[in-house]
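Trainee: I should be grateful for a close look at one part of this model, the second largest pocket, together with the strands and loops that deserve comment beside it.

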Amino acid sequence: MPSQPDLSPDGLSLHLIAVGTENYQDPDDRLEHVPDELRRIVDLFTEYGFEETLPDLRHDPSSYDFAGQFEDWVTADERTDASVAVLYYTGHGFTVGSKHYLAFADTVIGKVARALQTGSLVTMVGMQPRLRYLAIIIDTCESGAGLLDAFQTAAPAVPWQIPWGYQQGIWVVGACRPKEDAGQGAFVSAFVDAVRSVAASCGSAQPFLSITSIITAVNRQLSNSSQLSVHSRLPFDTGGELPIFRNPSYRPARAIALFVGRKNALDRLRTWLADPNPRPCVVTGDPGSGKSALLAHLVAEAQQQGTESIIAVSAHKHTPGLLVADIADTLGQDVTSAADLRIPDGTVVVLDGLDEAAQPYDVIADVLTPLAKAASGRLLIATRRPYHQSIGTTAEVIDLDTADYYDQRDLRQLVVEMLVSPETPGSDHFVYARPAAQAVAAVIATRADRNFLFARGAALAVNVQDHQLSAVEVDVLVSSWDGVGAAFDEDLTRRFAERAADVRDLLRPLAWSFGQGLPWEHIWAPSATALADGREHNNDDVRQVLETAGAYIREVLDDDRSVFRIFHAELARHLQGEADPVSVHRKFTRVLVDSVPAVGGRRAWDLAHPYVRQHLPEHAAAGGLIDELIEDIGFVLTTAGAGLTRAVRAVTGSRAKVAASTYLRVAEQLRHGRMAEHAAHMSLAALQGGHVELAATLSAWSVGSPWRPCWARWDRRQTSRVLVRPNGFNLLTYVRGVADPLVALASGHRVSVHNFWTSDAVISVDVGGDITAIGSAVVDGRPLVFVGDDTGHVHIWRADDWTQVKWMQVHDADVFAIWAGDRGGIPVLVTSGDGPTSARIVDGEPSPGAGELALWDMREWTQRYRIRAFGGTINRIDLLDLDRPCLLVSGDPHRDSPDRRTTARVFDLESGAERYGLPMSDSHLASTKPVLPLRKTFVRSTNSVLELWDADGPRRCQLRLNLDPAVPGEP
């Protein structure tokens with residue numbers, strides 16, 4: 001793999017080409033503000049380390065001079081994969097047909113002979129692009145049309161622009177949208193101010209200022225005019241950030257926090273690292289056990305020693321796709337699937353926080369399983385229980401809470417080192433002597449009960465007291481604490497005194513945020529103000545909290561932008577306290593909506609902050625405001641995704657329900673593509689649903705889509721959507737009794753459970769044998785999932801927390817069907833399957849598989865009875881509501897059995913005695929399908945014939961319906 005160029009702020013070569021036209025062929029076209037605009041742009045970019053290039057072109061060049069010199073420069077051999085260039089052009093722009101043109105000193109406005117088509121700037125980059133990035137800023141009238149023109153030009157260029165290697169694309173920024181006029185000086189003034197404001201509200205982990213944030217800030221300033229700026233990345237709008245403005249607050253990652261102890265775990269991990277062919281390794285433990293700290297210490301140690309090549313990523317709120325993108329970015333590879341990642345030999349992939357992923361079990365199946373193969377087993381994972389059980393039986397597990405790896409002396413040592421260190425907050429007025437610290441540490445370690453997070457919080461709280469505490473005083477102090485939150489409160493009260501309430505105000509929004517964390521910019525301070533019921537907070541307050549209470553905050557990068565979250569879930573829950581979630585999210589929603597620029601009374605949702613686009617639906621649903629938002633088509637088209645799919649369940653109004661059902665019809669198609677195409681898909685769905693008014697509204701949004709529907713056949717069926725696209729499955733069950741209904745799919749050895757509303761994977765488990773039966777029921781108040789396999793075993797899990805209730809053998813071989821329920825207040829399980837060889841004798845001859853029926857008491861896990869129901873396999877078991885509870889069993893009689901015509905039987909649930917059997921004619925015998933009970937009637941299907949039977953007595957077929965005239969049978 002080629003070496004990746006230095007992408008740190010100091011590793012790039014930055015160039016500015018600033019060009020403007022003040023004077024034109026017609027004196028009336030003069031733009032007197034152009035020189036000042038150029039000066040301000042050059043001053044700004046020079047301040048951020050850019051060197052002005054091609055200065056001769058700055059003022060009034062001809063179209064010929066500009067085109068020749070620009071093309072020569074961008075294609076010169078001196079350009080490298082560390083080169084970043086910005087082209088700024090200000091002057092007149094105009095459109096002819098669908099094309100946008102830039103006017104130069106020799107241009108007659110409106111005539112194209114001596115004008116330059118804006119899209120040609122993309123073509124000039126050449127077939128072998130040399131620049132890493134090129135940003136084109138067009139400050140002209142109708143410059144948004146120039147962006148569209150550039151898109152059209154870029155499309156056929158895709159085949160030769162994709163293999164750019166480390167060259168990562170072209171960005172185009174338009175000072176206004178198509179058909180808008182740009183006011184003189186308006187964009188430059190807003191742009192310069194926006195860069196300053198974004199720089200003032202940017203975290204230290206982000207190397208460059210976000211161009212998206214800058215454009216959003218520009219539009220907030222332009223919102224009172226008729227002009228809005230737009231931007232996009234070519235040849236596709238693939239996201240990411242443009243590294244043109246170094247973040248003045250950027251600081252390289254600091255050394256990891258104080259780490260002590262865990263000798264046995266570290267020794268085991270070092271041995272694992274030294275193994276050339278290890279199994280995947282999983283570090284697990286309860287919250288606060290120090291999993292992340294252990295991995296961070298191991299990674300830092302290995303990197304400092306230079307003995308290992310390590311890729312370290314966090315799964316916090318990540319989907320499988322985002323995780324693959326993070327790893328691919330680190331490797332410099334352009335792939336979207338974990339199976340396509342090329343992990344260099346000897347490289348260790350370290351994944352922290354699997355349990356915090358947006359879809360943990362999808363991450364296991366779609367990322368970790370192929371990664372374990374690609375990395376030859378050199379895969380190290382940290383997660384809470386029970387996720388480690390799904391990673392595979394071959395993984396090595398290090399449980400930090402077991403006696404092998406936990407030693408209370410480690411907790412005591414951690415507290416001692418914090419108390420004697422002058423770097424610990426509060427140590428500016430005194431530092432504990434080691435003997436005193438050891439006495440205090442003994443008390444805290446006892447109270448901490450294996451929780452390193454509690455121990456850290458307690459040490460901080462003790463250290464900020466107004467005097468050194470004795471062990472007795474510490475015991476009194478911590479004895480009343482109910483957890484980490486109490487230690488946090490003590491620290492804040494002692495350290496910040498009257499400012500403690502302000503610190504809580506500013507930390508609280510982070511505790512209620514979704515996703516990776518909350519951005520700073522124009523969201524953190526306003527949300528803190530809203531949740532503080534009127535106490536005003538601003539960016540200066542945010543900056544002060546980061547400086548003084550940063551120990552409680554974790555800053556991470558989300559799509560190259562800094563976001564902030566509370567450093568531990570336990571502390572976040574404490575900060576949420578007993579606040580009303582509906583009220584909190586309602587206030588949050590208002591802040592996020594207000595952050596979106598508005599023009600002409602309509603929100604420009606496509607210019608909303610990424611956090612707004614990704615997480616506003618979740619806040620709105622939780623705050624009871626989703627109805628008013630779902631009726632805003634721009635909101636739906638912009639926020640389409642898992643969050644919106646989850647949120648639309650909460651709609652209540654009739655208009656909102658129409659919009660929600662229309663969205664759900666095409667939710668899968670709206671995961672990718674541009675807004676105009678999203679509108680076309682939704683317009684088609686609206687027409688199919690008969691919602692003509694909504695379709696007309698959507699049609700107006702589909703301008704720019706390569707297609708749009710003119711009419712559609714109305715389809716009044718219930719709304720359907722794609723739940724999941726598995727590689728294949730043969731069994732399915734619907735799981736009730738949990739907060740969100742679930743769907744369990746079985747394929748081969750694995751059962752995968754998905755959230756019915758969001759499609760998110762909930763759990764995926766390999767049961768060891770081929771799955772032959774699956775079922776679910778709410779039994780004794782517990783939602784349970786039952787899985788039978790070809791070894792005769794049944795696996796039973798609780799569906800609310802996925803703890804395994806039981807694993808037992810119920811038959812000799814395949815389990816055919818499963819039913820569970822209550823019998824007289826006692827939970828029972830009924831299974832069918834292959835019995836012993838002695839039971840598989842029909843008329844003196846062996847039967848290929850006897851249909852045994854067994855009933856189990858689920859409280860004592862004892863068998864109540866076992867009967868032979870059929871000579872062949874049993875397809876289905878259900879409960880019939882007759883004069884007493886009965887089991888309705890459908891199956892295949894053996895062809896040599898004297899009762900071979902009987903394909904359904906009714907048994908008394910209590911005793912197992914047969915009540916009666918139901919025959920079928922020979923013509924339908926071979927294709928009998930399972931029965932479906934409907935109170936005291938049931939439906940049975942055979943080929944294309946449906947039959948409705950009265951279950952109160954035998955052999956009473958009420959209705960027979962032939963669905964296919966080609967199949968013989970009664971109509």
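Mentor: The account below takes up the confidence of the model, then the pocket, then two hairpins and three loop residues.

This is a predicted model, in which local features need pLDDT of at least 70 and side-chain atom pairs count only at pLDDT 80 or more, whereas totals for chains, interfaces and linings use all residues. Residues are numbered from 1 along each chain as its sequence is written, and side-chain values use heavy atoms, with hydrogens and water left out.

The pLDDT is the predictor's confidence in each residue, from 0 to 100. Its mean over the chain is 77, and 78% of the residues reach 70 or more. Helices (H or I, at least four residues) and strands (E, at least two) are DSSP runs, numbered from the N terminus. Confidence is highest in helix H20 (residues 581-594), at a mean of 94, and lowest in helix H28 (residues 922-925), at 34. Over residues 1-9 the pLDDT is below 50, and this stretch has 23 contacts (heavy atoms within 4.5 Å) beyond near neighbours in sequence. Residues 233-239 also stay under 50, and there the model has 22 contacts beyond four places in sequence.

The second largest pocket holds about 780 Å³ of space. Of its 24 lining residues, Thr733, Gly775, Ser776, Arg876 and Asp878 are the closest to its centre. A pocket here is an open set of points on a 1 Å grid over the protein atoms alone, where a 1.4 Å probe fits, with protein on both sides within 12 Å along at least five of seven lines; lining residues have an atom within 4 Å of a point. Grid points are joined across faces, edges and corners, and the volume is the space filled by probe spheres set on the points.

Strands E19 (731-735), E23 (771-779), E27 (815-823) and E33 (874-881) each supply at least two residues of this lining. E23 gives the most, with seven residues. By residue class, the lining divides into 15 nonpolar, six polar and three charged. In this scheme Ala, Val, Leu, Ile, Met, Phe, Trp, Tyr, Cys and Pro count as nonpolar, Asp, Glu, Lys and Arg as charged, and the others, Gly among them, as polar.

E19 also belongs to a hairpin. Five bridges join E19 to strand E20 (residues 742-747) in the antiparallel sense, where two strands pair if DSSP finds at least two bridges between them. Leu732 has Leu745 in E20 as its bridge partner. Six residues separate E19 from E20, and Gly737 in the turn has a positive phi of about 90°.

A second hairpin is built from strand E31 (residues 851-857) and strand E32 (residues 862-870), which pair antiparallel over seven bridges. Gly851 stands opposite Phe870 in E32. Four residues lie between E31 and E32, and Trp861 in the turn has a positive phi of about 55°.

Three loop residues remain. Thr53 lies in the loop between strand E2 (51-52) and helix H2 (63-74). Thr53 is buried, with a relative accessible area of 9%; buried means under 20%, exposed over 50%, and partly exposed in between (1.4 Å probe, protein chains only). Not counting residues up to four places away in sequence, Thr53 touches His15, Leu16, Ile17 and Trp73. Leu54 lies in the loop between E2 and H2 and has a positive phi of about 55° although it is not a glycine. At 18% relative accessibility, Leu54 counts as buried. Glu521, placed in the loop between helix H16 (500-512) and helix H17 (524-531), is not a glycine but has a positive phi of about 30°. Glu521 is buried, with a relative accessible area of 10%.
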